[in-house]
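Here is a short report on backbone geometry and confidence. Look at the structure first, then read on.

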Amino acid sequence: MARVHNWQIGRDMSYWYPESRPQKQFAAVFDTNKCISCQTCTIACKTTWTSGKGQEYMLWNNVETKPYGFYPMAWDLKLLERLGPQSWRDGAYQGRTLFEAAEAGERVLGWRPEEIDYAYPNVGEDDCAGGDVEQGADFRIPHDKWFFYLARICNHCTYPACLASCPRASIYKRPEDGIVLIDQGRCRGYQECVKACPYKKVFYNPMTGTSEKCIACFPKLEQGIQPQCFVNCIGKIRFAGHVSTPAEAREDNPLDYLVHVKKVALPLYPQWGLEPNVYYVPPIHVPRRFLRQMFGPQVDAAIETYRGAADDLDLAGLLCLFGSTERVVPRWKRTGDVVIGMEEDGSEIVRVPITEPIFIRRAFDAARGVTRTNTP
Amino acid sequence: MRRWQRMLPVLALLAGCQAEPAHETATEVRALRRDVVTTDPADPAWDEAPEYRATLLLQDMVEPRLLAPSTPEVRVRALTDGARLAVRLEWADAAPDDLPGPARFSDACALQLPAQAAADVPAPQMGEAGRPVEITYWRASWQATVDGRPDDVKALYPGAAVDAYPFEAASLEPGSPEQVAMAKRYAPARALGNDLAGPREQPVQDLVSEGPGTLRPAERARSDGRGRRTPSGWAVVLVRPLSPLHGAGDTPRQVAFAVWSGENGEVGARKMRTGWVPLRIEGAP
């Protein structure tokens, strides 16, 4: 075990390999408040990458309803229970990471989903539990009954548990962009990575006898285009790019601005110690206790900042860039009421108004002799 | 081992049955010279070869380790035709595990030889850097494929319903070069030529290793083998060619064995194994 620094938990920790950060780290921000769980991302991924034999049950991208939904079943609850106390003090995690909590003979604390755990994607998870909804309950915030949608892909972690667990080093993290890949020519299907990945984003292919996972659509990213699940998102909840360490954060890098400057997007279960690189804008109407467990102690501040976006033109502007272009936007700036996405060299990719212009048309169109109706 | 299996000797005595005739305990694996060697585990020729009972040890030296013992021993008999070494491994295993799947693992076994015979053998745990070992590995799921299980997800999950695969579109003639090439693209490990990704034509694989984590397919597939269920477990024959490098004349030879119990989640480094066992090959060149 080596000692490495994990900025998400505010301390050093043990990891199987020494710290070796890529030149750039692929990262993403998902705004949970905008997700409607239409599963367009899931289908976009499915039809692109996992239509083969043995891949039928694989969902490299899935959207599940929290707190009732899981794919595979109880993926996070099982680990939260096993890991024990997970407390924070002054921004530093006081508990053990999955690497520090590894049992004898293991490299990572993990568990192995069985076939039955993959058998119920999205089944019944939008059925609110907890009794009847009383009249007027919808006026109380947070609601008594609540859920939100959590879209999930591989987190392309800085300290991947899958990579650490592979006894034959078949998993690697690309030095150029930090994407985590399984070498399909080298994998022998031991499923150690399936057991170790806490997010359960590695899947065993029984037809080829190897394990497979999300590849962050690297052939697209290499051409400067965002992955399939990003560009097909009709809710425009996703934004792909690269994230820096806090010390190297740049305000004109959209990911850095959201993660490090505004701190409005947070990692999923940072206490597990993998330094995951998909960051979530937490849902604003969910009990904070639940969110603190899921996204760490910065949740309250993040929601406050997000709620203030209406009065923060920079933050509001940047959020408007989500889903505005297929291209990866490495830099951005705001000019008045317009936000501009740019290439690294400053050339313009896209220009988006923060306030959409309002057009007022007469109800009766005399030229065509018809009455218009509004379709909001 | 299941509790009832441990009770079998006791039950046999209680029933007044005569116990199996006591074998003289062999202290080495001795391969008898025969004109031909067989891959049939049930061939009577095996009864003529002395049986070596190898106690299996936990692989608890490198992560991921196996911490709870499972298969206690493997019974070994060996034959040779001068050019090939044939070994039959038998071990107790309550239920066959030959279906691949999430959290499902196949029963398996292997034999290991130093790539070059010498008095100073490489480490028995997968060899050492610069001092490779050669391995012949058998897997029950591959045996099932070789024995006729179709290369289709419905053979693994009979109740599976699949709407369509892109590479089985009506516009593609089944078995045409275009269709075969497209099907391969949708099976990444096959497209990359991963030797184990199937569909396998042999239930065994030739491997080379120079230490834990370095296992790789041998440059050429040279081994043969066959596994069969017995009333109490598996009988697997592994046949591999011998080369002068494996020893000549009276050179001391060594062999090691490993057994994986799929039911026990054993795979890769999580296995029961032996240290080096002395190997004598009759009439070896």
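In chain A, strands β13 and β14 (residues 278-281) run antiparallel and are joined by two bridges. One pair of bridge partners is A:Pro267 and A:Tyr279, the latter in β14(A). Strands of a sheet pair through backbone hydrogen bonds, either parallel or antiparallel. This is a predicted model.

**The sheet**

β13 and β14 belong to an open sheet of four strands in chain A. The order is β12-β3-β14-β13, and the pairing is mixed. Which strands form the edges? They are β12 (238-242) and β13 of chain A, each of which pairs on one side only.

**Positive phi**

A:Lys263 lies in the loop between α7 (254-261) and β13 (266-267) of chain A. A:Lys263 is not a glycine, yet its phi is positive, at about 55°. Is A:Lys263 buried or partly exposed? A:Lys263 counts as partly exposed, because it has 15 C-beta neighbours inside 10 Å.

A:Lys200 also has a positive phi of about 55° and is not a glycine. The loop that holds A:Lys200 runs between α4 (192-196) and β10 (202-205) of chain A. Here the surroundings are counted in the same way: 27 other C-beta atoms lie within 10 Å of A:Lys200, so the residue is buried. The cut-off for buried is 20 or more such atoms.

**Cis peptide bonds**

Two cis peptide bonds are listed below, with the place of each proline.

| Bond | Omega | Place of the proline |
|---|---|---|
| A:Lys66 to A:Pro67, cis | about 10° | A:Pro67: loop between β4 (62-66) and α2 (75-83) of chain A |
| A:Tyr71 to A:Pro72, cis | about 0° | A:Pro72: loop between β4 and α2 of chain A |

A:Pro67 is in the loop between β4 and α2 of chain A. A:Pro72 is placed in the loop between β4 and α2 as well.

**Confidence**

For the complex, the predictor gives an ipTM of 0.90 and a pTM of 0.92. Chain B has an average pLDDT of 90, and 90% of its residues score at least 70. Where in chain B is the pLDDT below 50? That applies over residues 1-22. Beyond near neighbours in sequence, this stretch of chain B has eight contacts in the model.

Definitions and conventions:
Residues are numbered from 1 along each chain as its sequence is written. Chains are lettered from A and ligands numbered from 1 in the order in which they are written. This is a predicted model: local features need pLDDT of at least 70, side-chain atom pairs count only at pLDDT 80 or more; totals for chains, interfaces and linings use all residues. pLDDT is the predictor's confidence in each residue, from 0 to 100. Two residues are in contact if their C-beta atoms, placed from the backbone, lie within 7 Å. A residue is buried if 20 or more other C-beta atoms lie within 10 Å of its own, exposed if 12 or fewer, and partly exposed in between; C-beta atoms are placed from the backbone. Two strands pair if DSSP finds at least two bridges between them.
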